[in-house]
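Here is a short tour of a protein chain. Keep the sequence and the 3D view side by side as you read.

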Amino acid sequence: MYRCQICHYTVPDERFGMLSDDWVCPRCGVSRDEFIHESEAPGEDAARPEIILIPMIRALTVGLWKVLGNGSQAVTRDIGRELARNVETDPEDPLGSVARFFLDNGLAGSVEARENVLEVKNCMFYGLCSGLEDDGVLISTCPYTNTAAVVLEEVNGSRYKIKKLPGEYGHVIELSAVSKK
């Protein structure tokens, strides 16, 4: 079995050998090169901290959502506020600053920022967010979007609403100002 290192999508051995060189993961869009055979990494999962952190984050997020419903967004906004403290914000390009922060820290393969739109591809948390969405938890819990919203709020002095847009892979988020802080 071959497993995507980004979203953990699996492809059986016999099918993986038949895939073309330009094939991409149907879940997150990475190339075949990001897939590893399960036998190539014995015991590797135990050494990767995100393997343990992701279920913990998922459990906390689902728990918050069940207890607080939409109120859990205040907690995830606080997570974004903590992350935003580490972003070296360029006032001329605040979303670009957020994109560089996540790229520089290896949390995504691609983050594109344009106007008030943030497109995150090959996100380390893609599988987690997809699972949360399948469970009915809104995308507004995403650390990327909350960090971007907080950085924009600090630069522009407005509160931002998060809206998911259709995208081929990953998350495409639009941030729109709704009111002054």
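## Cysteines and overall make-up

A search of the whole structure finds 0 disulfides (a disulfide is a pair of cysteine sulfur atoms within 2.5 Å). This is a predicted model: local features need pLDDT of at least 70, side-chain atom pairs count only at pLDDT 80 or more, and totals for chains, interfaces and linings use all residues. Residues are numbered from 1 along each chain as its sequence is written, and side-chain values use heavy atoms, with hydrogens and water left out.

The protein chain has 7 helices and 7 strands. Helices (H or I, at least four residues) and strands (E, at least two) are DSSP runs, numbered from the N terminus. Along the sequence, the pattern reads β-β-α-β-α-α-α-α-β-β-α-α-β-β.

Of the 181 residues in the protein chain, 41% are buried. Buried means under 20% relative accessible area, exposed means over 50%, and partly exposed lies in between (1.4 Å probe, protein chains only). The protein chain exposes about 9800 Å², and carbon and sulfur atoms supply 51% of it. These areas come from the Shrake-Rupley method with a 1.4 Å probe; for residues, only the protein chains shown count as cover.

Contact means heavy atoms within 4.5 Å. Take the contacts in the protein chain with a separation of 6 or more: residues 24 or more positions apart account for 52% of them.

## A three-stranded sheet

Which strands form the open sheet, and in what order? There are 3, in the order β2-β1-β3, and the pairing is antiparallel. β2 (10–11) and β3 (35–37) stand at the edges with a single partner strand each, so one side of each has no neighbour in the sheet. Two strands pair if DSSP finds at least two bridges between them. Strands of a sheet pair through backbone hydrogen bonds, either parallel or antiparallel.

Strand β1 (residues 2–4) is joined to β2 by 2 bridges, and the two run antiparallel. R3 stands opposite T10 in β2.

I6 lies in the loop between β1 and β2. I6 counts as buried because its relative accessibility is 17%. I6 and C25 are 19 residues apart in sequence, and their C-alpha atoms are 9.6 Å apart in space. C25 is buried too, at 0% relative accessibility. C4 is also buried, with a relative accessible area of 0%.

## Two covered helices

Both helices in the table are mostly covered.

| Helix | Residues in helix | Buried residues |
|---|---|---|
| α5 | 11 residues | 8 residues |
| α7 | 14 residues | 10 residues |

The buried residues of α5 include P94, L95, G96, F101 and F102. S97 is found in α5 as well. S97 counts as buried because its relative accessibility is 3%. Leaving aside neighbours within four places in sequence, S97 is in contact with V87, E88, T89 and D90. After α5 comes G106, whose phi is positive, near 65 degrees.

Helix α7 (residues 143–156) reaches 20 Å from its first C-alpha to its last. That is close to the 20 Å expected at 1.5 Å a residue; the expected span is 1.5 Å times one less than the number of residues. Among the buried residues of α7 are Y144, A148, V151 and E153. Just after α7, G157 takes a positive phi of about 75 degrees.

## The cores

A nonpolar core is a set of buried Ala, Val, Leu, Ile, Met, Phe, Trp, Tyr and Cys residues joined through side-chain atoms within 4.5 Å. Which members of the largest one touch the most other members? Of its 24 residues, they are F102, V111, L118, V120, Y144, A148 and L175. At least two residues of this core come from each of α5 (94–104), β4 (108–114), β5 (117–123), α7, β6 (158–165) and β7 (171–180). α7 gives the most, with 6 residues. Another core, of 11 residues, lies apart from it, with C4, V11, F16 and C28 among its members.

L175 touches residues including L95, A148, L152 and I162, not counting residues up to four places away in sequence.

## A loop residue

Is E115 buried or exposed? E115 is exposed, with a relative accessible area of 78%. E115 is placed in the loop between β4 and β5. E115 has a positive phi of about 45 degrees, although it is not a glycine.
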